[in-house]
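Got your viewer open? Load the model and keep the selection box handy.

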Amino acid sequence: MTAESKSQLAYRFIRQRIDDGRYVPGYRLVLGQIAGELDMSVVPVREAIRRLEAEGLVTFERNVGAQVALVKETEYLHTMQTLALVEGAATALSAPTLTPDHLRRAREVNERMRRTLDDFDPVRFTELNLAFHAVLFEECPNPHILDLVHRGWNRMKVLRDSSFSFVPGRAHESVAEHERILELIESGADALDIELCARAHRTATLDAVLAYQAEHKHPAPATV
């Protein structure tokens, strides 16, 4: 096994545990412990952690070491605002290249999302939501925009708890909005109209979550 492949193995090992929730926000990543589990030296583990730090999934603090990034109150807001912009652009740029097969696959996913609404599982719904949007944005010819979209979705995975856990009613609206995006693409609508529709779809979820948070926010304790 080469040093590079060991680093990749360590990356996948840590990344999988961040994604599935075994390594929660704030969890300390002890290099020696992880290296022992993988039967390798700490060098490739350190390289993997540096890569995860560059992706925003891990932070490094003096006297603490590496830990899974904590979710700040503003992180969801900033991530969703950015994703609304870049995913909207990626979808609009992809639109001219999308074939009837792309639209068929997207509709199949959306129909699966619709069927989950009666026995709602927000985590599964979110997985299908990514699958739906990926059909529409993965053909984006601009690799820089596409990279930003991937980074945004990766940041959303760090947040883990699905937006739809807080606002399950938003899921019904989301499915209907998906069909509207597909109709615009199918009709050959102007790129700006597609971009704005995709952007509004994302910000509608953001607005719903922000409204929920404002309604359920506890007042800060008085300081002495």
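Here is a short tour, stop by stop.

**Before you click**

This is a predicted model, in which local features need pLDDT of at least 70 and side-chain atom pairs count only at pLDDT 80 or more, while totals for chains, interfaces and linings use all residues. Residues are numbered from 1 along each chain as its sequence is written, and side-chain values use heavy atoms, with hydrogens and water left out.

**Stop 1: colour by confidence**

Colour by pLDDT, the predictor's confidence in each residue, from 0 to 100. The protein averages 88, and 89% of the residues score at least 70. Confidence peaks in helix α5 (residues 100–115), at a mean of 97, and is lowest in helix α8 (residues 163–166), at 73. Now select residues 218–224: the pLDDT there is below 50, and beyond near neighbours in sequence the stretch has zero contacts in the model. (Contact means heavy atoms within 4.5 Å; helices are DSSP runs of H or I, at least four residues, numbered from the N terminus.)

**Stop 2: helix α3**

Select residues 42–54, which form helix α3. Its 13 residues should span 18 Å at 1.5 Å a residue, and the end C-alpha atoms are indeed 18 Å apart; the expected span is 1.5 Å times one less than the number of residues. Next, pick out Pro44, Val45, Ala48, Ile49 and Leu52, which are buried. They cover an arc of only 140° around the axis, so they sit on the same side of α3. (That arc is taken from the directions from the helix axis to the C-beta atoms.) Spin to the face turned away from the buried side and you'll meet the exposed residues Arg50 and Ala54. Buried means under 20% relative accessible area, exposed over 50%, and partly exposed in between, with a 1.4 Å probe and protein chains only. Just after α3, click Gly56, which takes a positive phi of about 85°.

**Stop 3: Arg104**

Hop to Arg104 in helix α5. Is Arg104 buried or partly exposed? At 41% relative accessibility, Arg104 counts as partly exposed. Its side chain joins that of Asp101 in a polar contact of 2.4 Å. A polar contact is a pair of N or O atoms within 3.5 Å; within protein, one must be able to donate a hydrogen and the other to accept it, and residues adjacent in sequence count only if both atoms are side-chain atoms.

**Stop 4: Arg202**

Finish at Arg202 in helix α10 (residues 191–216). Arg202 counts as buried because its relative accessibility is 6%. Show its side chain with that of Glu87: they make a polar contact at 2.7 Å. Other residues that Arg202 touches include Met80, His133 and Trp153.

Note on methods:
Helices (H or I, at least four residues) and strands (E, at least two) are DSSP runs, numbered from the N terminus. Lists of a residue's contacts leave out its neighbours within four places in sequence.
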